[in-house]
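Me: I'm new to this one, and I'd like to know what stands behind the labels people put on it. Can we go through them together?

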Amino acid sequence: MELLRALDQFLAQNVKGVSVDAQAVLAHVNRPPSFYSAFSDRGTGESTVLFKPGPPPGLEPYYLDVSAFQVALDNALKDVVAGYVAQLRQSGQILFTNAWQYAKRPQDGSELWTPDVQMHVASVSKLMTAMAMMVLLRDNDISPDTQIIDYLPDYWVKGPNVEYVVFRNLFNHTSGLSASDLVDFEIMKSAIAGGINLDGLGQYNYQNLNYALCRMLLAVINGNINKNAYFDPPPIPGFPPQPWNDILWDLVTIAAYGSYLQAKVFQPSGVVGATLDHPPACALAYRGPDDAEPGWNSESLQESCGCDGWHLSVNQLLDVMGEFRRDGGILTAAAAQAMLDNGFGVDPLSGNSALPAALTTPAGNVYCKPGDWHDPSNQDEQSLAFFLPEDMELVVLVNSMVDGQTGPPNNYFRQVVKLAYLDNLTTQRSIHL
């Protein structure tokens, strides 16, 4: 068939390092229906529950009372969510694991929560994207303060002032770009064509768009697709006109993003099975602890990759966080700390400014990335990844809203966990390991 031959020739000339064939192009849907039955978190900027600063650090050091924190965390979450799993590690070693109730409630098979059950971690995916982008920029000798315009598809229209946007602006949500809550290829392309107002450049405004664009930039920088690649076949009998370039670029950049993160983030961490798809064993989402309706399957989220989409377990996410922070397989420890301090992949914990990214506590700095993904009826998936003082990491997954949380996501879950941590800091050091 003429179209298949033309597509195969285009792919051979313009796409490298990822497996994409003509049949996959013909089957690809840029905007699957499931993607548009969901809502994502909107970040600290639109939160109705902001962090209240804790007491300033004093001369006497503070430490976490791990046993008390474990109990406090369980008391704060059990009975008010459909189910949850949490694990705290120090220097990579497990200090405790809490698991309560169901990843799938009885009406869906009664699957109990364990630290090996995967769930869509929503915007915590941005943390994974930030790690990968730091590796990519390092390996290609590109500064975070380099303009992004030279790595966008040539055929995209570049609107006013896009030439001023740098990678750093994407990573800490100061680009001035904006779009709808959920972002697909068409929305990214339209946002770049719309450009920015320079008054917004440098101002913190949480946008999924910023991290969604990373998959486009990654594919070009990594050589997976030529930035000038353009497919313009003559009319072919039997085939109506199609936005072939949008379909091709969407498919290739999704494949490039997934492949790169597997190679540069998950494999170095020993993580097998991280996926943008929704395997049958994944947790389902509910409205709350007494929800008797079938759980919500948020399905494959490859269209949202970059800003959302990864399905991970507590163990998998903590393995990545530990490798990133101290073990050197992703970045050096110094580069990892710099990424967190720059606010790349984590959210500011108070106020409406990108920096400081850390919440200063009596024990030291806390960094956090929350995630939320819910349907119109508020069946909800929520995740939290904390980098804590004392070389600790904490991950908590819940598969519903938290009782007491009203309306759309407002960081209430993050506040509950954060307060459990702060309330159990003490001047008495205990031996954890």
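**Behind the labels**

Reply: Sure, let's start with Asn 172, found in the loop between H5 and H6. Keep in mind that this is a predicted model.

Me: Why is Asn 172 called buried?

Reply: Buried means under 20% relative accessible area. Asn 172 comes in at 7%, so the label fits. Leaving aside neighbours within four places in sequence, Asn 172 is in contact with Tyr 204, Asn 342, Gly 343, Phe 344 and Ala 354.

Me: What makes the pair Asn 172 and Thr 174 a polar contact?

Reply: The cut-off for a pair of N or O atoms is 3.5 Å. The side chains of Asn 172 and Thr 174 are joined at 2.7 Å, so the distance is within the limit.

Me: What is unusual about phi in His 173?

Reply: His 173 has a positive phi, about 60 degrees, although it is not a glycine. His 173 sits in the loop between helix H5 (167-171) and helix H6 (185-194). With 3% relative accessibility, His 173 is under the 20% limit and therefore counts as buried.

Me: Which label does Glu 299 get, buried, partly exposed or exposed?

Reply: Glu 299 has a relative accessible area of 40%, so it is partly exposed: that label covers values between the 20% and 50% limits. Glu 299 also has a positive phi, near 65 degrees, in a residue other than glycine. Its place is the loop between H8 and strand S7 (311-312).

Me: How do you know that Asn 399 is buried?

Reply: Its relative accessible area is 0%, and the limit is 20%, so Asn 399 is buried. Asn 399 lies in the loop between strand S11 (392-398) and H11. Residues that Asn 399 touches, not counting those up to four places away in sequence, include Ala 82, Tyr 102, Trp 113 and Asp 380.

Me: What backbone atoms does the side chain of Asn 399 reach?

Reply: One is the backbone nitrogen of Gly 83, at 3.3 Å. Another is the backbone oxygen of Leu 284, at 3.0 Å. Set against the 3.5 Å cut-off, both distances are within it, so they pass as polar contacts.

Me: Now Arg 89. Why does Arg 89 count as buried?

Reply: Its relative accessibility is 7%, which is under 20%, so Arg 89 counts as buried. Arg 89 is in strand S3 (residues 83-90). Among its contacts outside the four nearest places in sequence are Ile 94, Asn 315, Asp 319 and Glu 393. There is also a polar contact of 2.7 Å between the side chains of Arg 89 and Gln 87.

Me: How many disulfides are there?

Reply: Zero, from a search of the whole structure. Take Cys 214: its closest cysteine sulfur is in Cys 307, 9.4 Å away, and a disulfide needs 2.5 Å or less, so that is too far for a bond. Cys 368 is in no disulfide either, as the nearest cysteine sulfur, that of Cys 307, is 18 Å away.

Me: Are those cysteines, Cys 214 and Cys 368, buried or exposed?

Reply: Cys 214 counts as buried, because its relative accessibility is 0%. Cys 368 counts as buried too, because its value is 0%.

Me: Which residues touch the most other members of the largest nonpolar core?

Reply: They are Met 128, Phe 171, Phe 266 and Trp 310, in a core of 100 residues. Helix H8 (residues 244-266) gives the largest share of this core, 13 residues. Another core, of 32 residues, lies apart from it, with Leu 77, Leu 95, Cys 368 and Val 398 among its members.

Me: And how many cavities of 30 Å³ or more does the count give?

Reply: One. The largest cavity holds about 50 Å³ of space. Its lining includes Leu 359, Phe 386, Val 417 and Tyr 421. H11 gives the most to that lining, with four residues.

Me: What kind of peptide bond joins Leu 355 and Pro 356?

Reply: A cis one, with omega at about 0 degrees. Pro 356 is in the loop between helix H10 (333-341) and S8.

Terms used: Residues are numbered from 1 along each chain as its sequence is written. This is a predicted model: local features need pLDDT of at least 70, side-chain atom pairs count only at pLDDT 80 or more; totals for chains, interfaces and linings use all residues. Side-chain values use heavy atoms; hydrogens and water are left out. Helices (H or I, at least four residues) and strands (E, at least two) are DSSP runs, numbered from the N terminus. Buried means under 20% relative accessible area, exposed over 50%, partly exposed in between (1.4 Å probe, protein chains only). Contact means heavy atoms within 4.5 Å. A polar contact is a pair of N or O atoms within 3.5 Å; within protein, one must be able to donate a hydrogen and the other to accept it, and residues adjacent in sequence count only if both atoms are side-chain atoms. A nonpolar core is a set of buried Ala, Val, Leu, Ile, Met, Phe, Trp, Tyr and Cys residues joined through side-chain atoms within 4.5 Å. On a 1 Å grid over the protein atoms alone, a cavity is a set of points where a 1.4 Å probe fits but cannot get out, and a pocket is an open set with protein on both sides within 12 Å along at least five of seven lines; lining residues have an atom within 4 Å of a point. Grid points are joined across faces, edges and corners, and a volume is the space filled by probe spheres set on the points.
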